[in-house]
Number of protein chains: 2
Amino acid sequence: MLSSLLIIGVGFMGGSLALALREEGFEGKIFGLDINPESLKKAREKGVIDEGSTSYESVSDFEPEIVVFASPVRTFRDISKRLKPFLKEESVVTDLGSVKGQLVYDLEALLGARFVGAHPIAGTEKSGVEHSVPDLFRDKKLIITPTENTDREALSRVEKLWKAVGADIEFMDPFVHDWVFGAVSHLPHAVAFALIDALIDMSEDIDLFKYPGGGFKDFTRIAGSDPIMWRDIFLENKKNVLKAIEVYINSLQKLKSLIEHEAEGELTRYLEESRHRRMKLDEGS
Amino acid sequence: MLSSLLIIGVGFMGGSLALALREEGFEGKIFGLDINPESLKKAREKGVIDEGSTSYESVSDFEPEIVVFASPVRTFRDISKRLKPFLKEESVVTDLGSVKGQLVYDLEALLGARFVGAHPIAGTEKSGVEHSVPDLFRDKKLIITPTENTDREALSRVEKLWKAVGADIEFMDPFVHDWVFGAVSHLPHAVAFALIDALIDMSEDIDLFKYPGGGFKDFTRIAGSDPIMWRDIFLENKKNVLKAIEVYINSLQKLKSLIEHEAEGELTRYLEESRHRRMKLDEGS
């Protein structure tokens, strides 16, 4: 049975993991480490953490069994360096980051075989610990990306943690993970942020944001996501994100050209195929 | 008080208008004209229409007070030509189409000053009369696009129709309408269809559609919209849609370049501005 957990970066995702564990009857201690004392205060008030600190030194007192990185992904390397001197040998380290790939190997090099990369496929555009919810991970996919070096005991403890909160675990190579989620998650976010940017550009004479009907609000909801979190994801998964944006621009150029040339038949097929593929997703769920 | 209504193209939108009128106590006759007898059968079974026909000739018997075009926009010109011989002088004609602009003037030339262009800013990705709902238009924007020629009495009857079902009426020039909705509705649909197309392209080795987490399903829901309806919208509003796609590709190229050059500060600002503008939409609603 897990005795204590330390969440580094106490926001929406880390907070939701803590609440989920509490809901499942977890009675151990939950600690929080954050650069922002305000987040720690809110987290304590909401019952997300028992104790919080802004200083790495307190980690020696916490003696957490598992440490979870829940801050923007580009902070993980620095956190690992600062954390290590205060971490006992047996502590397992994992994360909630949306990028794996080289980052997993870098963290392994810094922290050893006890680092286990994980990525819950859950979340909303909300940020901040005050929005945390206990049922965020139930029946949601949770990708674990072990390497050839990963400690088996550490891996099994991270698996247990996620099983406890009802996640549906799947294993994936760290680099395959980044290709897949570069396409199905990072690309759609880029697409949504850029759509708002385009509408800002086109709003010179008429404020287009006065007409947000026809699914526009739902469609662009993910553009309300945390900018720092997404800046880090785009930069950390740069190669795959750039490739995905390129493929996407090609798809858009193809559509544009069909409209331009009024290629009725081909245009219909293009839209039908997209629709067909999209509809299959609903059937599968 | 309205005595009779004819819906041409009995699908989700036309069906929802009929159900909304019934819900508001409308006791007149509702007729349906459709090329598909199956749609008419479903519409009768659902109580959407009282009588249906596949032949224009029956319009002389129906003697509808108001005719509503509810089929894909590129069918409107042909329908007008075929309908006119069977339509009594006093009948008002309006539509539910997503494109106005030149189409409004063309229909006016075919049908006279009694044609009143209208566009309800409501709908879902669903199609088919069987999915019709009575509350689709309540508190939703309804754009009416009168021209300098529009008959004032016809205009006032169309206004009354939409007030009866709770829509929030706004007037707009037909060409301004097409610029605005080319940007806020047609562009997002193009963006969504193209996103699915890109994922099909990238799914050669790994079926990316197995990982539809992280808001992907909500984000691409509108790509489940009717292909024929959208082919017609894209072609009928070609000029504005192409322009909007161009501006959008520029926004995407800008984002791509910021990621490519790891321009942290500018990238953060780009994402923050998009987020800020998107968040304001929620506050306004």
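Me: Two strands pair if DSSP finds at least two bridges between them. With that settled, what is the bridge partner of A:Phe69 in E5(A)?
Reply: First, keep in mind that we're looking at a predicted model. Strand E4 (residues 66–69) and strand E5 (residues 92–95) of chain A pair in the parallel sense, with four bridges between them. Across in E5(A), the bridge partner of A:Phe69 is A:Asp95.

Me: And helix H6 of chain A packs on the sheet, right? About what angle does its direction make with that of E5(A)?
Reply: Helix H6 (residues 152–164) of chain A touches E4, E5 and E6 of chain A as it packs on the sheet. Compare its direction with that of E5(A), and the angle is about 50°.

Me: Which strands of chain A stand at the edges of that sheet?
Reply: Read off the strand order: the sheet is open, with six strands running E3-E2-E1-E4-E5-E6 in chain A and parallel pairing. An edge strand here has a single partner strand, so one side of it is left without a neighbour in the sheet. In chain A, that describes strand E3 (51–53) and strand E6 (115–116).

Me: Over to chain B and its open sheet of three strands. What is the average twist from one strand to the next?
Reply: The order is E7-E8-E9 (chain B), and the pairing is mixed. Strand E7 (118–120) and E9 of chain B are the edge strands, as each pairs on one side only. Going from one strand to the next, the twist averages 25°.

Me: Which residue of E9(B) stands opposite B:Ile144?
Reply: Strand E8 (residues 141–144) of chain B runs parallel to strand E9 (residues 168–171) of chain B, and four bridges join them. B:Leu142 stands opposite B:Ile169 in E9(B). As for B:Ile144, the residue opposite in E9(B) is B:Phe171.

Me: Is the β-α-β unit with those two strands left-handed or right-handed?
Reply: Its three parts are E8(B), helix H6 (residues 152–164) of chain B and E9(B). The unit they make is right-handed.

Me: How many residues does the contact take from domain 2 of chain A?
Reply: Chain A is divided into domain 1 (4–172) and domain 2 (176–284), with 30 Å between the domain centres, taken over C-alpha atoms. Domain 1 of chain A gives 14 residues to the contact. They divide into six nonpolar, five polar and three charged. From domain 2 of chain A, the contact takes 17 residues.

Me: Now the two chains together. Which helix supplies the largest share of the side of chain A that touches chain B?
Reply: The contact takes 76 residues from chain A and 75 residues from chain B. Helices of chain A that each supply at least two residues of this side include H8 (216–220), H9 (227–236) and H10 (238–260). The largest share is 18 residues, and the helix is H7(A).

Me: How many residues of that side of chain A are nonpolar?
Reply: Set the others apart to begin with: 11 are polar and 19 are charged. The nonpolar residues on the side of chain A that touches chain B number 46.

Me: In chain A, which residue has the C-alpha nearest the axis that relates the chains?
Reply: Chain A superposes on chain B (RMSD 0.0 Å) by a rotation of 180° with 0.0 Å of shift along its axis. That's the relation of a two-fold axis. In chain A, the nearest C-alpha is 2.5 Å from the axis and belongs to A:Phe219.

Me: What percentage of the interface residues of chain A are also interface residues in chain B?
Reply: The copies meet through the same surface. We can say so because the share of chain A's interface residues that are also interface residues in chain B is 99%.

Methods: Residues numbered from 1 in each chain as written. Chains lettered and ligands numbered in written order. Predicted model: local features only at pLDDT ≥ 70, side-chain atom pairs only at ≥ 80, totals over all residues. Right-handed = clockwise from strand over helix to strand, strands pointing away. Least-squares fit on C-alpha atoms with pLDDT ≥ 70 in both. Contact = placed C-beta atoms within 7 Å. Domains from an automatic or database assignment. Nonpolar A, V, L, I, M, F, W, Y, C, P; charged D, E, K, R; others polar. Axes fitted to C-alpha atoms, helices over the stretch in contact; angles between N-to-C directions.
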